[in-house]
Amino acid sequence: MSDGGRESERGPEKPAPQRKPGGEEFARAFVKVAVAQICESEGFQSFQQSALETLSDVTVRYIRDIGKTAHVYANQAGRTESNVFDIIQGLEDLGLAQGFLGASDIEHCLASSGTVRELAQYVGESEQIPFAYSLPQFPVVKDRKLTPSFLQIGEEPPGEHIPAWLPAFPDPGTYAQSSTPNDRTIELKMAKIEQENQRRKPERSLLNVNQWLASNELEGPSSVDAGDAAKAKQAAAKAKQAAESNPFLAAPLQYGEKEVSSVVLPAKTKLSNDSTTGNPISKYHGMDNHVSVLEAFAPNIEAMKSGLRDSEEGHKKVLLNTRPTVQFKLGSGKKYLGSMLDSSPQNKSFEVNESWFGRLNEKDDKKRRAEQILKESMGNLQELDHL
Amino acid sequence: MNHNKQQSSDGGHDDDAALSDFLASLMDYTPTIPDELVEHFLAKTGFQSPDLRLTRLVAVATQKFIAEVASDALQQCKARQATVVRDKRDKQQKDKRLVLTMEDLSRALHEHGVNVKHQEYFADSPSIGMDPASRDE
């Protein structure tokens with residue numbers, strides 16, 4: 001019976017796409033073909049896919065059961081190789097469910113077992129159905145080329161602790177540095193890294209400049225090269241600009257560099273620990289948000305301005321964000337959560353400002369100027385309120 | 001007592017002779033399941049035998065088993081078709097294609113001691129609940 005004679009609907013085997021390749025798939029595909037051929041000889045014209053797979057699975061299990069049982073019987077008899085009687089016993093075990101002639105005989109010769117007779121009957125009656133495909137011998141044993149040992153090469157192992165029958169070490173050229181096409185990618189990467197390093201150099205010098213500006217007060221960049229002096233000056237200018245625009249880039253102050261006053265908490269400490277949350281509190285009265293935000297940042301603005309003045313002296317200041325614990329509000333009849341201002345807000349704010357300024361020990365003229373600017377700005381804000 | 005091809009001889013050797021004759025005849029008979037396949041699965045279980053006749057024996061036994069199951073399933077299929085009576089017989093004979101279905105197969109296997117339960121349907125296909133013989137998966 002050739003391929004053309006087969007009427008089964010299943011075409012040539014193609015494994016399901018999502019099945020991962022394994023050694024079992026190859027064999028199972030052929031089992032399916034064989035089972036389909038047997039069923040076809042019985043009279044079936046087509047199969048359900050799942051039915052065919054189930055039946056082929058049962059077939060595989062049957063074969064394996066015979067083999068396992070035969071092996072067990074051989075081992076019981078003290079042999080490693082099975083012979084025909086082991087197989088017959090296995091067949092009897094498996095055929096007990098269906099029953100065969102002479103199954104109930106307690107002692108009977110295996111050679112005349114009912115299973116054998118039935119098999120012989122089957123062989124005699126049924127016609128041969130040759131398998132549709134020709135199978136190669138499988139699984140194919142791959143010929144592995146092993147690494148030759150030291151002895152085989154004729155080398156001396158590089159060390160007394162290494163016996164000569166072990167496989168030899170690989171050629172040093174395979175793992176050492178060499179200009180091969182693979183290294184070109186490595187070189188490209190190195191070039192990229194170098195570019196980044198060069199880009200980072202001015203940034204690094206900027207940071208360095210900031211640091212020794214803070215420490216030396218522009219005395220003498222002894223550690224800096226002459227060639228970098230110009231660069232350093234440029235970097236210094238950049239540093240100033242950076243500090244002006246972004247206070248977070250300013251170099252930190254050293255301890256004891258700047259005298260700061262001790263913190264005096266106000267009497268009403270309801271919201272004293274919420275000094276940093278002054279912003280959200282002011283937001284609760286969301287009428288003029290921008291006003292309250294501005295006033296919250298008023299000390300920052302002031303500090304920045306003073307910082308501007310002082311930068312010429314080589315001082316960089318940390319913004320005194322958290323220093324004042326006093327809440328001061330601009331003058332309108334706003335009610336606050338925990339009103340801690342007794343007197344009219346307007347006057348009190350100014351008083352508080354002045355007292356805060358009064359606490360600072362450094363009273364330069366520049367500070368005064370800053371105060372005035374702040375007052376003016378607050379006055380502007382007041383006018384905004386009245387609008 | 002059917003012996004395949006026998007010269008009748010007396011005694012206990014009869015059976016042995018029969019067996020050896022049978023095994024010899026196996027070499028003439030080519031089972032449907034090829035030898036390499038059977039050897040592959042037998043090797044997985046630890047079955048060791050250099051004798052090719054034994055592999056053929058296992059192959060023939062398996063083939064007989066499958067044939068029995070298939071014939072039982074065929075009978076089930078034909079019985080099912082016979083019960084589905086049509087009004088107009090001459091119009092469409094029940095010569096529909098004989099399809100091996102899971103239902104018939106599970107019934108046939110049950111008699112041989114294999115319990116197979118198949119999922120009735122998966123609710124993701126439009127042909128759910130249709131007559132299984134009329135739809136080919």
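I will go through how chain A and chain B meet in this model, and then turn to one helix and one serine.

Please keep in mind that what we have here is a predicted model.

Let me begin with the interface, where 64 residues of chain B are in contact with 66 residues of chain A, and where the area buried between the two chains is about 6000 Å², with carbon and sulfur atoms giving 70% of it. Of the area that chain B buries against chain A, 12% is supplied by Thr32(B), Phe41(B) and Leu100(B), which is more than any other three residues supply.

As for the polar side of the interface, the rule finds two salt bridges across it, and one pairing of this kind joins the side chains of Glu24(A) and Lys44(B), at 2.5 Å from N to O. There are also eight residue pairs in polar contact across the interface of chain B and chain A, both residues being at pLDDT 80 or more. On the side of chain B that touches chain A, helix 3 of chain B gives the most, with 17 residues, and that side as a whole divides into 36 nonpolar, 15 polar and 13 charged residues.

Staying with helix 3 of chain B, its 32 residues, 52-83, should span 46 Å at 1.5 Å a residue, and the end C-alpha atoms are 47 Å apart, which agrees. The N-terminal end of this helix is capped by Asp51(B), whose side-chain oxygen lies 3.3 Å from the backbone nitrogen of Arg53(B).

Finally, which loop of chain A holds Ser82(A)? The loop is the one between helix 2 (49-76) and helix 3 (84-95), and Ser82(A) is buried there, because its relative accessible area is 4%, under the 20% cut-off. Leaving aside neighbours within four places in sequence, the contacts of Ser82(A) include Ala70(A) and His71(A) from chain A, and Phe47(B) and Leu54(B) from chain B.

Definitions and conventions. Residues are numbered from 1 along each chain as its sequence is written. Chains are lettered from A and ligands numbered from 1 in the order in which they are written. Side-chain values use heavy atoms; hydrogens and water are left out. Helices (H or I, at least four residues) and strands (E, at least two) are DSSP runs, numbered from the N terminus. The expected span of a helix is 1.5 Å times one less than its number of residues. A polar contact is a pair of N or O atoms within 3.5 Å; within protein, one must be able to donate a hydrogen and the other to accept it, and residues adjacent in sequence count only if both atoms are side-chain atoms. Buried means under 20% relative accessible area, exposed over 50%, partly exposed in between (1.4 Å probe, protein chains only). Contact means heavy atoms within 4.5 Å. Buried area is the accessible area (1.4 Å probe) that two parts lose on being put together, summed over both. A salt bridge is a side-chain nitrogen of Lys or Arg within 4 Å of a carboxyl oxygen of Asp or Glu. Ala, Val, Leu, Ile, Met, Phe, Trp, Tyr, Cys and Pro count as nonpolar, Asp, Glu, Lys and Arg as charged, and the others, Gly among them, as polar.
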